[in-house]
Structures are given as structure tokens and as C-alpha cells.
Amino acid sequence: EAHLSAIERLDGSLNSFITTTPESALKAADAADATLAKGEGGELCGLPLGIKDLFCTNGTRTTAASNILRDFVPPYESTVTSNLLRDGAVFLGKLNLDEFAMGSGNLNSAFGPAINPWKRNGSDENLVPGGSSGGSAAAVAAGLVLGATGTDTGGSIRQPAAYTGIAGIKPTYGRCSRFGTIAFASSLDQAGPMAKNLQDCAILLRSMAGFDQRDSTSVDTPVPNYEAALNRGVKGLRVGIPKEYHADGLPAEIEALWQQGINWLREAGAEIKEVSLPHTKYGLPTYYIAALAEASSNLARYDGLRFGSRVKADSLDAMYEASRAAGFGEEVKRRILLGTHVLSSGYYDAYYLRAQKVRTLIQQDFLKAYEDVDVLLTPTAPSSAFALNEKPSDPVQMYLNDVFTVPASMAGVPALSVPAGLDGQGLPLGLQLIGKFFDEETLIAAGHVLE
Ligand code: GLN
């Protein structure tokens with residue numbers, strides 16, 4: 001009830017929810033109370049969570065923040081959300097995001113932008129919460145929910161976590177099932193937890209993760225008790241500092257925070273080494289080819305016939321055209337066009353195939369680095385949260401925001417963001433740790449030293 005009333009009071013200005021489900025939440029909370037009174041109940045029994053509106057929820061509208069799915073009520077539950085329900089979680093509603101998870105500021109939502117609860121010192125200008133999991137980040141940061149699900153294709157859990165001063169984990173690709181999560185770029189999409197701190201993230205991840213026969217890319221490996229890793233410490237841990245991440249024009253404050261993180265880990269007993277990830281500069285261009293190619297293919301199903309709201313027209317082709325023209329927003333259309341272009345005959349080899357090859361080189365950079373170190377430490381994003389009206393007019397400028405998060409996504413390795421300090425304007429900054437395949441535990445242990 002306290003959380004529902006906080007939503008009532010605050011979400012008018014935050015716009016973090018697309019749909020709230022107070023009635024079913026109260027019912028679920030009563031049931032959880034009864035279970036707890038009997039001394040029973042799963043690990044998450046009664047905990048109020050929010051769900052990014054990209055996860056299909058049985059009987060609850062799921063929009064992907066798109067007009068084309070504005071009225072879509074799934075007849076089934078995603079695996080990640082059914083895992084959370086199995087463990088007793090109570091869902092308060094569906095959280096805002098960039099349309100189909102495409103964006104870095106939650107500015108591409110058909111339901112309007114979500115707003116960051118943080119403000120710059122002495123200013124009440126509205127800032128973005130980051131994206132695409134912007135509603136999840138804003139709702140957690142404002143205390144509307146105790147935790148939330150996010151998805152991360154190229155940074156969508158880590159960057160909004162950094163912008164709102166919370167923690168978020170993008171697990172290894174294959175750790176959480178993609179079944180029932182609306183697809184953006186299937187070879188990159190990964191679900192993960194967002195919460196105030198890594199302990200809460202660890203508890204949520206244990207519930208969300210696990211093999212699922214219904215996702216052929218989910219990996220059949222045991223899910224550890226992540227929370228138990230929290231206080232392992234970092235004595236003897238080898239931490240790599242990738243030299244290519246010292247990007248030109250990186251603000252001095254971000255460099256300083258990074259150095260601070262290095263000092264904290266060293267003082268706690270870690271060994272710091274410089275490493276090289278030579279293909280880092282190809283991360284963004286290859287991501288924005290591979291992800292868009294997959295998106296154009298995944299979004300072909302929204303044609304007004306099989307999926308998506310329909311605009312009636314005289315012929316089948318005219319109906320497709322009118323439905324897609326009305327249903328998709330500007331950024332989604334841009335990506336479908338670019339993705340279709342790089343897949344088309346004559347361009348496939350030059351763009352898509354080449355991007356796939358470079359993607360392998362990026363992954364090999366990480367594997368090579370992990371011969372010498374156990375984790376990598378970098379800033380999460382090249383800036384703190386920007387104002388709504390500072391949105392760059394050039395989409396490429398917006399894509400540059402993902403420069404530090406995209407390489408781990410391309411490689412499939414796990415990464416997290418922890419809140420690590422404030423900048424001169426009083427805004428939160430995050431540090432990113434990138435780990436070895438399926439070694440989220442080491443990330444959590446190292447991250448806990450930084451938070
Ligand atoms: N900002 C990136 C993009 O626009 C990443 C989005 C995501 O991880 N879903 O594609």
C-alpha cells in the first residue's frame with residue numbers, strides 16, 4: 001500500500017509506469033501475507049517490483065512503449081516474470097522504456113518520456129533517467145518499487161542505472177531466458193535486475209536466471225547463490241583497466257571517478273593492470289549494424305495482421321504500410337530502414353557480414369584480456385544524466401552514449417553498473433565492471449567494494 005500510494009503521489013511527474021496494476025497487486029500482497037504468516041513463502045514473497053513493459057505478462061497489457069502494441073494483452077507470461085512470481089514477487093505494474101528498447105534516454109516512448117528523480121544542484125530542470133530501461137531506473141531510484149526488471153541489448157540496464165544512482169546487472173548472454181521478452185536484437189538482448197544496491201540485484205538475479213527449454217540460447221548451467229558472493233572481497237583479484245576506454249573528450253570528473261574506483265579496489269587488495277582491447281573503437285559501428293539488422297527482422301511481424309494494431313486500407317499492402325506507418329515511432333522506423341539496408345543484397349557482405357566478423361574480434365579481445373585479469377573496470381557512461389531538451393538532434397550523437405557499454409554486449413560477457421559518486425552538479429555517476437562468461441559472482445563481489 002505504501003508503494004502504491006508513492007506511485008499515486010509521484011508518478012504523475014516521473015511517468016515511470018505505463019500501466020499500474022494496483023488491484024492485482026493488493027490481492028497478491030494479501031496472499032503473500034497469508035503465506036508468510038504460515039512461515040512459508042519464496043525468497044521474494046511479498047516484495048513489490050516493477051516490470052519493464054517489454055516482458056509479456058499474462059492478462060496485463062504489454063506495449064514495448066509502442067503505439068503498435070498499445071492494446072496488446074499477452075495470453076502468456078515471460079519466463080523471467082514467471083520465475084519472479086514463482087518466488088512470491090508482487091508486480092505493481094509495467095514500466096516505461098524507449099520504444100522496443102531502442103534508445104538511451106527514454107525519449108523514444110509512445111507514452112512520453114520517463115523523468116529522472118534526480119535534479120542538478122539548484123535547478124529543477126527535468127533530466128532523462130537514461131534508457132532504454134528508463135522507467136525501471138526512475139521507479140527504483142524514487143522508491144516506487146524495491147526492484148525492477150530491465151533488459152540490456154547495448155547498455156539499457158547499465159546506463160540508466162548509472163544515471164539514476166542505482167545498481168544494475170546485465171548477466172552473461174544466455175543466463176536469463178528471452179522467452180516472452182519482446183525482441184529487439186535477439187543475439188544481444190539479455191534481461192537483468194535493477195535495484196538500489198547489488199545485494200538486492202543479486203537476490204533478484206537468482207530468481208530471474210536459469211535454463212529454459214523455450215529459449216534455445218538459454219544456457220543449462222547451475223544458477224549460483226549470487227548473494228553469497230557479495231562479501232567475498234577482492235584480495236588477489238586481478239582488475240584490468242582497458243586503455244582504449246580513455247576516450248578523447250572524456251570529462252575530467254569521469255576520469256577522476258574511474259581513478260577513485262581503481263584506488264578503492266587496490267586498497268581492498270586487488271591487483272590493477274592495464275590491458276588492451278584493441279577493437280574497442282569498432283564496438284559502436286558494428287553494434288549499430290548488427291542490432292539494427294536483427295531489429296528489422298524481428299519487427300517484421302508487426303504488420304497489423306499477425307501482430308500489432310491495424311489501420312484498415314483497401315489492399316493488403318496498403319494495410320501493412322498504413323499500420324506500420326501509424327504504429328512505429330521515428331527512431332524505430334530509422335532502425336528498420338537501416339537494418340533492412342545492411343541486410344539487402346549487395347550490401348550484406350559489406351556491412352552485416354563484416355560487422356559479424358568484427359564482432360568476433362571484439363569478443364576475442366575480451367577472451368585475450370581474461371588470460372591476465374579477472375574483471376575489467378571502466379566508467380559506465382561518458383556523462384551524467386542530460387536534460388530532456390538537451391537531446392542531440394543528430395541520432396549518431398545519441399548512439400555515442402553507449403560507447404562503454406556496447407563492447408561487453410557484443411562479446412556476450414556479463415557486466416554491471418554500481419553507483420560510485422556524484423559529479424559537480426550533484427548527479428550520480430556509475431562505474432562498470434565487466435566479467436568472464438557466467439562469472440557474475442566475481443562482478444558482484446568487486447562491485448560491492450565500489451558501492
Ligand atoms: N542505447 C542502445 C540502443 O539504442 C542500447 C539499447 C538497449 O540496450 N536496449 O540501441
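Two strands count as paired when DSSP finds at least two bridges between them. Keep that in mind, everyone, as we walk through this predicted model.

Let's begin with strand E10, residues 415-422. E10 pairs with strand E11, residues 428-434, in the antiparallel sense, over seven bridges. Within that pair, valine 418 sits opposite leucine 431 in E11, and proline 419 faces glycine 430 in E11. The two strands make a hairpin with five residues between them. In the turn you'll find glycine 426, whose phi is positive, about 85°.

E10 has another partner, strand E5, residues 167-170. Here three bridges join the two, and they run antiparallel. If you want a spot to click on, glycine 168 stands opposite serine 417 in E10.

So is E10 enclosed or open? Six of its eight residues are buried, so the strand is largely enclosed by the rest of the structure.

Now let's zoom out to the sheet. It is an open sheet of 11 strands, in the order E1-E3-E2-E4-E6-E5-E10-E11-E9-E7-E8, with mixed pairing. Which strands stand at the edges? They are E1, residues 17-20, and E8, residues 271-275. Each has a single partner strand, so one side of each is left without a neighbour in the sheet. From one strand to the next, the twist averages 30°.

Helices pack on this sheet too. Helix H6, residues 198-208, touches E4, E5, E6 and E10, and its direction makes about 145° with that of E6. Helix H14, residues 440-450, lies across E5, E9, E10 and E11, running at about 0° to E10.

Next, a pair of helices. The axes of H8, residues 283-298, and H10, residues 330-343, come within 7 Å and cross at roughly 100°. That crossing angle makes H8 roughly perpendicular to H10. On the H8 side, the contact involves Ile289, Leu292, Ala293, Ala295 and Ser296. Their counterparts in H10 include Arg335, Ile336 and Leu338. By type, the residues of this contact come out as eight nonpolar, three polar and one charged.

Just ahead of that, in the loop between E8 and H8, is threonine 280. With 20 other C-beta atoms within 10 Å, threonine 280 is buried. Setting aside neighbours within four places in sequence, threonine 280 is in contact with Pro242, Glu244, Tyr245 and Pro407. Threonine 280 and proline 407 are 127 residues apart in sequence, but their C-alpha atoms are 6.7 Å apart.

On to the ligand, which I know some of you were waiting for. How many residues surround the ligand? There are 13, and the closest are Ala101, Ser104, Thr153, Gly154 and Ser156. That shell divides into four nonpolar, seven polar and two charged residues.

Finally, some backbone oddities. Most residues other than glycine have a negative phi, and most peptide bonds are trans. Asparagine 15, in the loop between H1 and E1, has a positive phi near 55°. Alanine 64, in the loop between E2 and H3, also has a positive phi, about 55°. Are these two buried or exposed? Asparagine 15 counts as buried, with 20 C-beta neighbours inside 10 Å, and alanine 64 counts as buried with 32.

As for the peptide bonds, the one from glycine 131 to serine 132 is cis, with omega near 10°. Serine 132 lies in the loop between E3 and H4. Thanks for listening, everyone!

Terms used: Residues numbered from 1 in each chain as written. Predicted model: local features only at pLDDT ≥ 70, side-chain atom pairs only at ≥ 80, totals over all residues. Near = placed C-beta within 6 Å. Nonpolar A, V, L, I, M, F, W, Y, C, P; charged D, E, K, R; others polar. Axes fitted to C-alpha atoms, helices over the stretch in contact; angles between N-to-C directions. Helix = DSSP H or I, 4+ residues; strand = E, 2+ residues; numbered from the N terminus. Parallel < 35°, antiparallel > 145°, perpendicular 65-115°, else oblique. Contact = placed C-beta atoms within 7 Å. Buried ≥ 20, exposed ≤ 12 C-beta atoms within 10 Å, placed from the backbone.
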